[in-house]
Amino acid sequence: MAARDFDNPIACKHLLPIMRFSPRKIRRMAGYTLFEIMLVLGIIAVLVGSAIYLLVGNIDVARQSRVDADFQAISTQLRTYEMQNMRMPTSAQGLEALVRRPSAEPAPRRWIQLMERVPLDPWGEPYIYRNPGKLNARGFDLVSKGPDRQEGGGDDITNQSSTE
């Protein structure tokens, strides 16, 4: 638009709603007030807090799923060890027999490294391995101490309880 078009009211018809306000009023209308910003932040905080509250239960489910997956992976490697060496590692050799060649008897004949490291349970504790097992006398037991990190509490998770 040329400068002389502002003199023509028909050419400036689209500017009429803006021109009714003073520059000071336009500046006040241009931004959000502090109250509006604080209101939006408060609503966002309530929504985030509600989401966290609803997701807390999912953490326990995820930990249980992780224990089940670890039991499955360890059991697979223990069976591979058994196929290679005609026996499972003893309780004394433990799960470390999957990572390092056991020095304790019975020494494996055809040992290979089956795991890079023995995983810890979701609470940072090592899994307990027993062969023969207390819960399964003809097999082995894998036990996670659970959230209380103490064996024998009511929250222990075993490879027997995870398959039932």
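This is a short tour of three paired strands, an aromatic pair and some salt bridges. The model is predicted.

**Stop 1: the strands**

Select residues 141-144, which form strand β2. Both faces of β2 are covered. Asp141 and Val143 are buried on one side, and Leu142 and Ser144 are buried on the other.

Now add residues 128-130, strand β1. β1 runs antiparallel to β2, and three bridges join the two. To find one of the contacts, pick Ile128: its bridge partner in β2 is Val143.

Next, add residues 157-158, strand β3. β3 also pairs with β2 in the antiparallel sense, over two bridges. Pick Ser144 in β2 and look across to Ile157 in β3, which stands opposite.

**Stop 2: an aromatic pair**

The structure holds two aromatic pairs. For one of them, select Tyr129 and Phe140. The ring centres are 6.1 Å apart and the planes meet at 45°, so this pair is tilted. Where do the two residues sit? Tyr129 lies in strand β1 and Phe140 in the loop between β1 and β2, so the pair ties together parts that are 11 residues apart in sequence. Colour by accessibility next: Tyr129 and Phe140 are both buried.

**Stop 3: the salt-bridge network**

Show the side chains of Arg130, Asp141 and Glu151, which are linked in a network of salt bridges. Take the contacts in turn.

Start with Arg130 and Asp141, whose N to O distance is 3.8 Å. Arg130 is in strand β1 and Asp141 in strand β2, so this salt bridge connects parts 11 residues apart in sequence. Both Arg130 and Asp141 are buried.

Then move to Glu151 and Arg130, with N to O at 2.7 Å. Glu151 belongs to the loop between β2 and β3 while Arg130 is in strand β1, so here the linked parts are 21 residues apart in sequence. Is each partner buried or exposed? Arg130 has a relative accessible area of 15%, which is under the 20% cut-off, so Arg130 counts as buried. Glu151 is partly exposed, at 43%.

**Stop 4: another salt bridge**

A search of the whole structure finds five salt bridges. One more to select is Arg100 with Glu96, where the side chains meet at 2.2 Å, N to O. Check accessibility here too. Arg100 has 54% relative accessibility; the cut-off for exposed is over 50%, so Arg100 qualifies. Glu96, with a relative accessible area of 35%, is partly exposed.

How values were computed: Residues are numbered from 1 along each chain as its sequence is written. This is a predicted model: local features need pLDDT of at least 70, side-chain atom pairs count only at pLDDT 80 or more; totals for chains, interfaces and linings use all residues. Side-chain values use heavy atoms; hydrogens and water are left out. Buried means under 20% relative accessible area, exposed over 50%, partly exposed in between (1.4 Å probe, protein chains only). Helices (H or I, at least four residues) and strands (E, at least two) are DSSP runs, numbered from the N terminus. Two strands pair if DSSP finds at least two bridges between them. Rings of Phe, Tyr and Trp (its six-membered ring) pair if their centres lie within 6.5 Å; planes under 30 degrees apart count as stacked, over 60 as edge-to-face and the rest as tilted. A salt bridge is a side-chain nitrogen of Lys or Arg within 4 Å of a carboxyl oxygen of Asp or Glu.
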